[in-house]
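Trainee: Could you take me through one part of this model up close? I'd like to see how the pieces meet, and what sits around the ligands.

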Amino acid sequence: MEKIKPIIGFSCGDLNGVGLEVVIKAVSNNQLLSICTPIIFANNKCINFYKKGIIEGNFNFTIVKDLATLNTKQVNVYNCWEEDVAIQPGQMNTEIGKYAWISLKTATEALKNGEIHALVTAPIHKKTILSDEFHYTGHTPFLKEYFDCQDVVMFMCAENMRVAVVTEHIPIKEVANSLDKDIIVSKLKIIQESLRVDFGITKPKIAVLGLNPHASDDGLIGNEEETIIKPAIKLARNKDILAFGPYPADGFFAHGHYNNFDAVLAMYHDQGMIPFKSLAIGEGVNYTAGMPVVRTSPDHGTAMDIAGKGIADSTSTLESIFLAVDIVRMRFQYEEDRADPIKKMSERILGNLADEKIVLD
Ligand SMILES: NC(=O)C1=CN([C@@H]2O[C@H](COP(=O)(O)OP(=O)(O)OC[C@H]3O[C@@H](n4cnc5c(N)ncnc54)[C@H](O)[C@@H]3O)[C@@H](O)[C@H]2O)C=CC1
Ligand SMILES: NCC(=O)COP(=O)(O)O
């Protein structure tokens with residue numbers, strides 16, 4: 001069957017950060033146009049500002065006014081604003097931060113309307129984007145609310161590991177009180193479903209980390225393992241989720257035990273992010289699992305210290321595009337396979353018969 005070529009939208013992130021630079025670098029990859037049609041939600045003048053000096057040769061794009069008529073042979077740019085913007089790479093500036101929101105808002109609307117198949121978000125600066133309209137600690141809680149999801153999962157994905165977190169951007173002193181068994185089970189359900197539908201793993205195994213050092217050493221160092229995490233794992237098992245643990249986080253990563261699982265659920269941000277960013281092979285991608293739509297993102301931030309220097313690495317953005325394309329295709333295939341199971345099954349059986357050279361009358 002012919003593979004679908006999805007339309008991938010890009011929000012530009014903080015214009016003073018490395019966002020547009022890594023997006024431009026990633027979409028100028030020659031082979032990209034054969035697997036997807038990219039559309040950047042920003043403004044052509046801002047793209048011209050960043051493209052100078054970072055791309056060898058020409059970087060051509062088409063400015064589109066109507067999202068229904070994209071150029072499939074080129075990168076598309078949708079102008080979300082018309083005014084000139086005084087970009088100052090590396091500067092934290094709330095005036096500039098507001099364009100990150102305009103871009104994100106426009107791209108998210110397009111995602112909701114089905115005008116793009118997936119969204120790749122370039123990094124926002126969590127402080128400069130804040131406004132009455134955008135009052136979230138990141139894309140994840142915004143998208144959760146926008147798409148009316150009961151829960152979603154921040155799911156970091158790389159070639160050799162996938163790490164999800166229970167709590168996201170909250171102060172460390174609030175972590176223990178934010179955990180409860182239903183929240184953990186909810187995350188495990190989303191991870192299991194995502195591994196099946198988005199990654200095609202039929203019987204995924206998920207490791208759950210403890211919260212305390214040495215997963216509490218049998219209650220010597222805290223009790224959340226006994227009172228919350230173990231009961232959550234038991235509950236998940238009763239729901240046919242192959243969850244294991246809780247494992248002490250340090251040795252689990254140090255000795256490579258993550259290799260035995262399809263995903264790892266960490267209790268808090270740094271418990272998952274530090275090993276992920278340190279041990280991931282290939283570049284990591286931040287995927288928001290549990291939504292009806294597909295959103296990926298590079299695993300890094302605005303990198304203000306190197307913004308505008310042309311030295312930002314775009315590999316994680318490129319991987320975010322590849323993962324978005326893969327997931328769109330996986331979901332499409334998943335739906336297709338289940339649209340008419342009897343017909344599909346008979347087609348497959350007939351295929352097998354043909355393989356075995358059995359002739360039907
Ligand atoms: N998806 C998103 O929107 C994300 C946003 N952020 C936000 O970004 C801002 C800055 O966060 P930081 O903690 O400083 O992390 P950061 O990832 O921006 O920077 C950490 C270090 O990594 C380097 N680095 C990051 N990306 C790079 C790249 N593509 N190529 C080469 N070097 C790179 C930076 O130069 C810096 O030394 C914060 O407001 C944070 O909340 C952080 C992570 C993701
Ligand atoms: N550490 C991940 C991060 O900051 C990205 O968060 P989000 O914007 O994807 O919610």
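Mentor: Sure, let's start with the place where the two domains touch and then move on to the ligands and a few local details. Keep in mind that this is a predicted model.

The protein chain is split into domain 1, which covers 1–149 + 291–361, and domain 2, which covers 151–285. Going by C-alpha atoms, the centres of domain 1 and domain 2 are 27 Å apart. Where they touch, domain 1 puts in 22 residues and domain 2 puts in 17 residues. People often describe how big an interface is by the accessible area that is lost when the parts come together. Here, about 1,600 Å² is buried between domain 1 and domain 2, and carbon and sulfur atoms give 66% of that area.

Now for the polar side of the story. Side chains of opposite charge can pair up when their charged atoms come close. Between domain 1 and domain 2 there is one salt bridge. Look for Arg-331 and Asp-198: they form a salt bridge, with 2.8 Å between the closest N and O atoms. Five residue pairs are also in polar contact between domain 1 and domain 2, counting pairs with both residues at pLDDT 80 or more. On the side of domain 1 that touches domain 2, helix 4 (139–146), strand 12 (294–298) and helix 10 (315–339) each supply at least two residues. Helix 10 gives the most to that side, with nine residues. Sorted by class, the side of domain 1 that touches domain 2 has eight nonpolar, eight polar and six charged residues.

On to the ligands. Ligand 1 has 14 residues around it, and the ones that come nearest are Lys-126, Gly-301, Ala-303, Asp-305 and Asp-313. Gly-301 uses its backbone here: one of its polar backbone atoms is 2.7 Å from an oxygen atom of ligand 1. The side chain of His-300 has an N or O atom 3.3 Å from a nitrogen atom of ligand 1. The side chain of Lys-126 has an N or O atom 3.1 Å from an oxygen atom of ligand 1.

Hang on to Lys-126, since you'll meet that residue again at ligand 2: a polar side-chain atom of Lys-126 lies 2.8 Å from an oxygen atom of ligand 2. The residues around ligand 2 also include Gly-138, His-139, Met-154, His-169, Asn-286 and Arg-295. An N or O atom in the side chain of Thr-140 is 2.6 Å from an oxygen atom of ligand 2. His-269 has a polar side-chain atom 2.8 Å from a nitrogen atom of ligand 2.

Let's finish with a few local details. The structure holds seven salt bridges. One of them joins the side chains of Lys-25 and Glu-21, at 2.8 Å from N to O. Lys-25 and Glu-21 are about one helical turn apart because they sit four residues apart in helix 1 (residues 19–27). Next, find Pro-246 in strand 9 (residues 242–247). A cis peptide bond, with omega about 0°, joins Gly-245 and Pro-246. Last, check the loop between strand 8 (205–209) and helix 7 (224–238), where you'll find Ala-215. Ala-215 is not a glycine, yet its phi is positive, at about 50°.

Note on methods: Residues are numbered from 1 along each chain as its sequence is written. Chains are lettered from A and ligands numbered from 1 in the order in which they are written. This is a predicted model: local features need pLDDT of at least 70, side-chain atom pairs count only at pLDDT 80 or more; totals for chains, interfaces and linings use all residues. Side-chain values use heavy atoms; hydrogens and water are left out. Domain bounds come from an automatic or database domain assignment. Contact means heavy atoms within 4.5 Å. Buried area is the accessible area (1.4 Å probe) that two parts lose on being put together, summed over both. A salt bridge is a side-chain nitrogen of Lys or Arg within 4 Å of a carboxyl oxygen of Asp or Glu. A polar contact is a pair of N or O atoms within 3.5 Å; within protein, one must be able to donate a hydrogen and the other to accept it, and residues adjacent in sequence count only if both atoms are side-chain atoms. Ala, Val, Leu, Ile, Met, Phe, Trp, Tyr, Cys and Pro count as nonpolar, Asp, Glu, Lys and Arg as charged, and the others, Gly among them, as polar. A residue is near a molecule or strand if one of its heavy atoms lies within 4 Å of it.
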